[in-house]
Amino acid sequence: MENKVLTVCPYCGSGCQLYLLVENGQVVGAEPADGRTNEGNLCLKGHYGWDFLNDPQLLTSRLRKPMIRKEGVLQEVSWEEAIGFTAEKLNAIKEKYGPDAIMGTGSARGPGNEANYVMQKFMRAVIGTNNIDHCARVCHGPSVAGLTYSLGDGAMSNSIPEIENTDLLLIFGYNAAVTHPIVARRIVKAKQKGAVLIVADPRKTESARIADTWLPLKGGTNMALVNAFGHVLIEEELYDKDYVSNFVQGFDEYKANVEKYTPEYAERITGVRAADIRKVMRQYAKSGKAMILYGMGVCQFAQAVDVVKGLASLALLTGHFGRESVGIGPVRGQNNVQGSCDMGALPNVYPGYQSVEDAKIRKKFEKAWGTSLPDKTGYRLTEVPHLILKENKIKAYYIFGEDPVQSDPNAAELREALDQLELVIVQDIFMNKTALHADVILPATSWGEHDGVYSSADRGFQRIRKAIDPPGEVKPDWQIISEVSTAMGYPMAYKNSEEIWDEMRKLCPSFAGASYSKMEALGGVQWPCPSEDHPGTPYLYQGNRFTTPSGKGQLFACEWRAPLEQPDDEYPLTLSTVREVGHYSVRTMTGNCRALSQLSDEPGNIQISLEDAAEHGIADGQLVQVYSRRGHIMARAQVSGRIKKGATYMTYHFWIGACNELTVDYLDPVSKTPEFKYCAVRIEAISDQ
Ligand code: SF4
């Protein structure tokens with residue numbers, strides 16, 4: 001008999017609600033539900049992305065039993081042995097080297113908010129360190145840092161459904177059609193309703209194709225363009241003087257910093273015509289409701305935080321806050337990356353963005369968790385290879401629901417670092433590249449097999465629900481972590497995910513009123529939701545009260561810096577990592593869905609311009625070798641008229657043609673986010689095929 005279970009899609013931050021169709025204990029299909037963000041629509045991943053639950057074993061196999069490495073080989077063991085081994089090893093390393101020798105991750109993917117809450121609590125209360133971070137560090141870390149500085153909250157100011165009702169969209173470094181198809185649908189609807197569409201992107205993306213003005217800037221010149229935008233707003237007196245004097249601070253310094261960025265000067269750096277820079281800022285400033293949306297094309301550069309602050313400054317200068325369909329939207333990529341940040345899987349904040357360095361807040365958590373807590377910010381995820389290889393500071397790594405060998409830059413260095421550790425714990429659903437380096441593997445339930453809450457990109461808490469029983473002996477993530485904790489001498493005994501959620505709510509003023517029952521009744525709740533009778537908050541900064549320490553929006557501009565690795569004669573092209581619409585992240589899930597794996601498969605593609613393909617004698621579809629200063633891979637050439645000469649693009653989903661063998665690990669100095677969008681490469685055709 002068929003059963004329909006309402007849940008949330010696990011493939012991007014759009015937070016689309018869907019029904020899983022269950023027959024005889026197996027998921028056999030998915031149907032769109034009438035969710036707040038998707039209103040009865042799904043993209044292809046929502047429609048066909050459930051099949052990995054049936055484990056067709058096209059790519060990797062589902063982890064079903066715990067494993068421990070014995071004499072160099074991973075061997076299946078009982079849960080009792082795996083938990084005992086993990087706890088004993090962690091206690092020994094903590095005793096010998098101190099708590100800060102242990103690093104842990106949260107997970108922005110399937111596990112859900114409750115498991116992230118338990119993981120960060122485990123690292124802080126049981127291990128005794130703030131060394132907890134997750135893959136937000138390699139994507140929207142700059143948004144959290146930059147928007148917190150400028151506005152107070154490191155999240156989308158407005159909501160996904162509001163996009164279609166704006167008068168103007170400025171889309172910067174964001175390819176919605178591929179990363180968030182349901183957001184892209186809102187962009188198309190906005191255009192159909194008459195909104196002006198401005199797209200700044202080196203590639204002619206789908207949004208650029210339908211834009212009123214496409215600004216095809218050179219890769220790595222974002223800050224110069226954003227400064228020039230600010231220059232025009234001030235020089236032409238397009239900014240809102242009353243708004244700035246009442247709600248914004250830092251104007252004089254900002255004005256001085258953008259002074260030299262005339263559109264003509266910026267044109268020489270960015271390649272964007274000065275006349276277009278002037279035109280779009282006139283439109284942006286005069287528009288009644290204007291929204292900025294941005295993505296990885298902003299965040300994955302070593303000057304990302306500055307650009308985030310610069311974009312927020314444009315909205316502050318023009319008063320585009322505190323109303324519907326305005327503001328700034330960092331559209332969070334992975335399904336629950338907003339949630340893992342919300343839950344404090346970050347080295348500097350507890351759940352609810354409460355600083356670990358604030359003594360009063362720390363005391364609150366110490367009282368609730370019954371133990372003393374560390375008072376200094378922990379290590380960032382992207383610092384880990386250096387801390388292991390160069391500083392010998394980390395000895396154990398508990399990797400929960402992530403595959404950094406596939407997803408993080410400079411894979412060879414990361415592999416070398418993992419192999420130097422005394423203990424690598426991998427908790428996941430499938431065998432992955434990182435698990436190949438594990439000393440212990442703890443198999444967990446997947447999306448569809450457990451209950452919980454995800455946070456959509458626009459701060460929306462929504463329930464996920466168990467549809468089927470898990471295979472083998474796998475357990476929910478929060479239960480595994482609780483058992484390790486108990487074995488280490490700090491008993492954790494939650495009955496279910498709601499009990500964890502309620503503990504979290506009591507400690508987080510912004511989330512206090514977002515109960516399971518309210519989510520059931522309303523379909524979801526957007527934070528802030530401070531009390532039981534509060535309905536949630538679709539847009540932030542009502543009344544133009546910002547949540548910065550001063551209560552005012554903070555302007556920011558600074559000098560543009562070129563990307564750190566530049567092409568030369570040996571490596572004449574640049575490489576940027578991108579996404580592909582049919583696949584998600586490290587592809588362990590979508591690669592195991594038969595319908596999706598038919599769309600594209602190994603090896604990954606490298607997109608190259610018509611001019612460079614001709615120059616290097618490369619035909620569309622031809623196999624090529626791609627070299628960088630860190631490694632080389634095989635890929636399939638995809639020759640495209642949408643690519644600028646000198647630039648190439650690869651997705652990071654594929655095992656063969658894994659572009660992170662090539663990428664560089666230069667980091668933004670504030671957020672420590674890697675410069676995935678720019679490194680130097682060389683391509684050579686493989687002739688015998
Ligand atoms: Fe899932 Fe995102 Fe597609 Fe919606 S847009 S169905 S959340 S992948």
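What radius of gyration would a compact globule of 689 residues have, and what does the chain have?

**View 1. The whole chain, as a predicted model.** A compact globule with 689 residues would have a radius of gyration near 26 Å, and the chain has 24 Å, which agrees. Picture the C-alpha atoms filling a box of roughly 70 × 70 × 55 Å along the principal axes. Inside that box, the secondary structure comes to 24 helices and 28 strands. Buried residues make up 60% of the 689 residues. Contacts often join distant parts of the sequence: among those with a separation of 6 or more, 74% are between residues 24 or more positions apart.

**View 2. An open sheet of seven strands.** Reading across the sheet, the order is S5-S4-S18-S17-S16-S6-S7, and the pairing is mixed. At the edges sit strand S5 (73–76) and strand S7 (132–133), each pairing on one side only. Strand S6 (residues 102–105) meets strand S16 (residues 396–400) in the parallel sense, over three bridges. To find this pairing, look for Met103, whose bridge partner in S16 is Tyr397.

**View 3. A closer look at S17 and its two neighbours.** How many bridges join S16 to S17? There are five, and these two strands run parallel. One pair to look for is Ala396 with its bridge partner in S17, Leu423. On to the next pairing: S17 and S18 also run parallel, joined by four bridges. Here Val426 stands opposite Ile441 in S18. S17 is mostly covered, with five of its six residues buried. As a reminder for anyone tracing side chains, in a regular strand they alternate between the two faces of the sheet.

**View 4. Helix H2 lying across the sheet strands.** Which strands does helix H2 (residues 79–97) lie across? They are strand S4 (67–70), S6, S16, strand S17 (423–428) and strand S18 (440–443). Relative to S18, H2 runs at about 130°.

**View 5. Helix H14, enclosed by the rest of the structure.** Helix H14 covers residues 304–317. At 1.5 Å a residue, its 14 residues should span 20 Å, and its end C-alpha atoms are 20 Å apart, so the expected and actual spans agree. Is H14 enclosed or open to the outside? Because 14 of its 14 residues are buried, H14 is largely enclosed by the rest of the structure. After the helix comes Gly319, with a positive phi near 70°.

**View 6. Inside the largest nonpolar core.** This core has 217 residues, and the ones touching the most other members are Leu169, Ile292 and Leu311. H14 gives the most to this core, with ten residues. Zoom in on Leu169 and, leaving out residues up to four places away in sequence, you'll find that it touches Ile187, Ala190, Ala195, Leu197, Ile198, Met291 and Leu293.

**View 7. Gly551, an exposed loop residue.** Where is Gly551? Look in the loop between strand S21 (525–526) and strand S22 (553–554). Gly551 counts as exposed because it has 12 C-beta neighbours inside 10 Å. Setting aside residues up to four places away in sequence, Gly551 touches Arg545 and Phe546. For a sense of place, compare Gly551 with Ala304: they are 247 residues apart in sequence and 24 Å apart in space, C-alpha to C-alpha.

Terms used
Residues are numbered from 1 along each chain as its sequence is written. This is a predicted model: local features need pLDDT of at least 70, side-chain atom pairs count only at pLDDT 80 or more; totals for chains, interfaces and linings use all residues. Two strands pair if DSSP finds at least two bridges between them. Two residues are in contact if their C-beta atoms, placed from the backbone, lie within 7 Å. Axes are lines fitted to C-alpha atoms, for helices over the stretch in contact, and angles run from 0 to 180 degrees between N-to-C directions. The radius of gyration is taken over C-alpha atoms; the globule rule is 2.2 Å times the number of residues to the power 0.38. A residue is buried if 20 or more other C-beta atoms lie within 10 Å of its own, exposed if 12 or fewer, and partly exposed in between; C-beta atoms are placed from the backbone. The expected span of a helix is 1.5 Å times one less than its number of residues. A nonpolar core is a set of buried Ala, Val, Leu, Ile, Met, Phe, Trp, Tyr and Cys residues joined through C-beta atoms within 7 Å.
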